[in-house]
Each structure stands twice: as C-alpha cells, then as structure tokens.
Amino acid sequence: MASRKSIRADYGPLKVKRATASHAGKLQHLLRVTDLRECMIHGATPWRALHYPLTVDGASTYSIMLGKTPICMGGVVPIDVDGDTRIGSIWLLGSSVIEDHPLNFHRAVKDLLDMYQLQWDILENVVPLDHSRTIKWLDSLGFHFAINPTIVNGYAVLRFVRCASHIEVSFEEDERPASN
C-alpha cells in the first residue's frame, strides 16, 4: 500500500472526523433528494447505505461535521485488494447543508480524495445519468466517465473512476481502466 497522507481536521466551520454509527443515524434523516434517489437505485435504505460501510473490513469512512451535525459521510469500500491493483468503491451521501459551504466542503472532499488515491489504485462507482450537477462536480475532482451508460435496477448510470498515475483510463473497449 502507498504511503498515507494525513487529513486536516478543520475546513472553516466544517470538521472532518472518522464516521460513527451515531453520525449515520443522524444523517439518514437529512439526505438530499438526489442522495435518497441513489440509495433507491441501489436498493438500499439510507440507514443501510450509511451504516454498512462502517462494518466492512478494510473500509474507511469519514464524516464532515458542522458543529455536532454530520452534513455528509463518505469513504471507500474495498472491491478488490488481492491482486496487484487495489480497487475501491468510493461513495458520498450528504445533506443540503453542504451547499451552504461549497468551498470548504470541496476542499475537505478533495483532501480526502487525494488521501484515498494514495491507498487505492482505482476509485470507482456509478452516478445516475441524469444527475448532471453531480457529474460536473465529480469531473472537477478528476474523475473520468464511461462512454456508455450501464443499467442498475432499471436506471441509467455512468461508471466513474479516478486512477493512480500508473493506471491509464480508457473506456473504449471493455469499460475497465487498463494498467500501463
């Protein structure tokens, strides 16, 4: 595994902390409509989507807090760690309060993402095709997108990936990033 980058704790009024079940219990009632829809597309309740990563061996989950209230949770759940290429599913679910602190939120997420990229060769997930604002935001964070949508439970989604520098991103043939 690559070296670890430490994460700042404070981003203006926002604080980054290791996520807890208490954070998940609070945040499940505060999720944005788009995040609730993503849970639905994946067949998960908000409770399950937020609590499950806390139980997975090798997963890492952080909360971004405003005071004592979690405004989002996110992290990486291992997909494949046995081979030469470490692949993780990156995710984030949040409340509309993140939109009240766009710069501090973006900085905190960017630092977390950079930390995770040191630990994982490929970070990936899917985003609903019609969530154009999320796609634009993911693009600004350096993610690349599949050319063709995939269908998950009847909904069109785009696969997105962010890879370590030794991985070439190419979706043209088999929709899987290729190693250099």
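Here is a walk through this structure, strand by strand and then into its core and its largest pocket. Keep in mind that the model is a predicted one.

Let's begin with the strands that sit side by side. Strand β3 (60-66) and strand β4 (69-80) run antiparallel, and seven bridges join them. To see one of these bridges, find Tyr 62: its partner in β4 is Gly 74. The two strands make a hairpin with two residues between them, and in that hairpin Gly 67 takes a positive phi near 65°.

Follow the chain onward and you meet another hairpin. β4 and β5 form it, with six residues between them. These two strands also pair in the antiparallel sense, this time over eight bridges. Gly 75 is a good place to look, as it stands opposite Trp 91 in β5.

Now stay with strand β5 (residues 87-94), which is joined to β6 by three bridges, and here the strands run parallel. Ile 87 stands opposite Ile 122 in β6. How does the chain get from β5 to β6? It crosses through helix α4 (residues 102-119), and this β-α-β crossover is right-handed. On β6 there is also a pairing with β9, which is antiparallel and has seven bridges. Within that pairing, Glu 124 stands opposite Val 161 in β9.

So is β6 buried or exposed? Seven of the seven residues of this strand (residues 122-128) are buried, so β6 is largely enclosed by the rest of the structure. It helps to think about faces here. In a regular strand, side chains alternate between the two faces of the sheet. For β6, one side has Ile 122, Glu 124, Val 126 and Pro 128, the other has Leu 123, Asn 125 and Val 127, and all of them are buried. In other words, both faces of β6 are covered.

Gly 88 is another residue to visit, back in strand β5. Its relative accessibility is 0%, and the cut-off for buried is under 20%, so Gly 88 counts as buried. Who are its neighbours? Leaving aside residues within four places in sequence, Gly 88 is in contact with Val 76, Val 77, Pro 78, Ile 79, Trp 120, Ile 122, Leu 123 and Glu 124. For a sense of distance, try His 29: it is 59 residues from Gly 88 along the chain, and their C-alpha atoms are separated by 26 Å.

Next comes the inside of the protein. In soluble globular proteins, nonpolar side chains tend to be buried together. Here the largest nonpolar core has 27 residues, and those with the most contacts inside it are Ile 64, Ile 90, Tyr 116, Phe 143 and Phe 145. Several elements, including β2 (14-18), β6, α5 (132-140) and β9, each supply at least two residues of this core. Helix α4 gives the most, with seven residues. Take Ile 90 as an example: among the residues it touches beyond four places in sequence are Leu 113, Tyr 116, Phe 143 and Phe 160. There is also a second, separate core of 13 residues, which includes Cys 39, Val 56, Met 73 and Val 77.

Helix α4 deserves a stop of its own, and Val 109 lies in it. With a relative accessible area of 9%, Val 109 is buried. Not counting residues up to four places away in sequence, Val 109 touches Ile 64, Leu 92, Trp 137 and Leu 141. Val 109 and Asp 139 are 30 residues apart in sequence, with 13 Å between their C-alpha atoms.

On to the largest pocket, with a volume of about 1300 Å³. It is lined by 46 residues, and the closest to its centre are Asp 35, Glu 38, Trp 91, Leu 92 and Leu 93. Elements that each supply at least two lining residues include α2 (33-41), α3 (46-51) and β5. Which helix gives the most to the lining? That is α4, with seven residues.

Last, look at the loop between β8 (150-152) and β9 (155-163), where you will find Asn 153. Most residues other than glycine have a negative phi. Asn 153, though, has a positive phi, near 50°. This residue is exposed, with a relative accessible area of 55%.

Key
Residues numbered from 1 in each chain as written. Predicted model: local features only at pLDDT ≥ 70, side-chain atom pairs only at ≥ 80, totals over all residues. Heavy atoms only, no water. Helix = DSSP H or I, 4+ residues; strand = E, 2+ residues; numbered from the N terminus. Buried < 20%, exposed > 50% of the residue type's maximum accessible area, 1.4 Å probe, protein only. Pairing = 2+ DSSP bridges. Right-handed = clockwise from strand over helix to strand, strands pointing away. Core = buried A, V, L, I, M, F, W, Y, C linked by side-chain atoms within 4.5 Å. Contact = heavy atoms within 4.5 Å. 1 Å grid on protein atoms, 1.4 Å probe; cavity = no way out; pocket = protein on both sides within 12 Å on 5 of 7 lines; lining within 4 Å. Points joined across faces, edges and corners; volume = space filled by probe spheres on them.
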